[in-house]
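Student: I am new to this structure and would like to take a close look at a single part of it, the sheet, together with whatever surrounds it. Could you lead me through that part slowly, in one connected answer?

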Amino acid sequence: MAGKRRSTKLFSICDGRGQIAARYSTLWHAQTAATTWCQQKRVSVPVRKGCKTVAVARPIEGGRVMLDWGDTGELAL
């Protein structure tokens, strides 16, 4: 089978440019790293499973971080 080699680590976090910064094998490790990185850098950090964004760690006032799971579907315009 030709194509890309599959990684055993399904989850990843991305930097501000959309490039994969780190890969993780579990969602728990990925969301923990995303919240930590978000606290340090004060920028939004997406958690992805493959090409799909599963959650986004967003900074809020007071130095805290909110993990947005995106439960609400986007409106098709």
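Tutor: What follows is a walk through the sheet, strand by strand, and then through the residues around it.

Please keep in mind that the model is predicted. The sheet is an open one of 5 strands, paired in antiparallel fashion and arranged in the order E2-E1-E3-E4-E5. At its edges stand strand E2 (20-24) and strand E5 (64-68), and because each has a single partner strand, one side of each is left without a neighbour in the sheet. From one strand to the next, the twist averages 20°. As for what holds such an arrangement together, strands of a sheet pair through backbone hydrogen bonds, either parallel or antiparallel.

Let us start with E1 and E2, which run antiparallel and are joined by 4 bridges. These two strands form a hairpin with 5 residues between them, and in the turn glycine 18 has a positive phi of about 90°. Cysteine 14 has isoleucine 20 in E2 as its bridge partner, and cysteine 14 is buried, with a relative accessible area of 1%. Serine 12 lies in strand E1 (residues 11-14), and it counts as buried because its relative accessibility is 3%, where buried means under 20%. Leaving aside neighbours within four places in sequence, serine 12 is in contact with Ile20, Ala22, Arg23, Pro46, Val47 and Arg48. Phenylalanine 11, when residues up to four places away in sequence are not counted, touches a set of residues that includes Ala22, Tyr24, Leu27, Ala30 and Lys49.

Further along the sheet, strand E3 (residues 45-49) is joined by 5 bridges to strand E4 (residues 52-60), and these two run antiparallel. Within this pairing, proline 46 stands opposite valine 56 in E4.

Some residues of these strands also belong to the largest nonpolar core, which has 11 residues in all, among them Phe11, Ile13, Trp37, Val45, Val47, Ala55 and Ala57. E1, helix H1 (27-41), E3 and E4 each supply at least two residues of this core, while the largest share, 5 residues, comes from H1.

Turning to charged side chains, the count comes to 2 salt bridges. In one of them, aspartate 68 pairs with arginine 58, and their closest N and O atoms are 3.5 Å apart. This pair links distant parts of the chain, since aspartate 68 is in strand E5 and arginine 58 is in strand E4, 10 residues apart. Aspartate 68 is partly exposed, with a relative accessible area of 28%, and arginine 58 also counts as partly exposed, at 33% relative accessibility. In the other salt bridge, arginine 17 pairs with aspartate 15, the closest N and O atoms being 3.3 Å apart, and here arginine 17 is exposed, with a relative accessible area of 70%.

One last matter concerns the cysteines. A disulfide is a covalent bond between the sulfur atoms of two cysteines, and the structure holds 0 disulfides. Cysteine 14 is in no disulfide, as the nearest cysteine sulfur, that of cysteine 51, is 9.8 Å away. Seen from the other end, the sulfur of cysteine 51 has its closest cysteine sulfur in cysteine 14, and the 9.8 Å between them is too far for a bond, because a disulfide needs the two sulfur atoms within 2.5 Å. The two residues also stand in contrasting surroundings: cysteine 14 is buried, whereas cysteine 51 is exposed, with a relative accessible area of 79%.

Terms used. Residues numbered from 1 in each chain as written. Predicted model: local features only at pLDDT ≥ 70, side-chain atom pairs only at ≥ 80, totals over all residues. Heavy atoms only, no water. Buried < 20%, exposed > 50% of the residue type's maximum accessible area, 1.4 Å probe, protein only. Pairing = 2+ DSSP bridges. Axes fitted to C-alpha atoms, helices over the stretch in contact; angles between N-to-C directions. Salt bridge = Lys/Arg side-chain N within 4 Å of Asp/Glu carboxyl O. Contact = heavy atoms within 4.5 Å. Core = buried A, V, L, I, M, F, W, Y, C linked by side-chain atoms within 4.5 Å.
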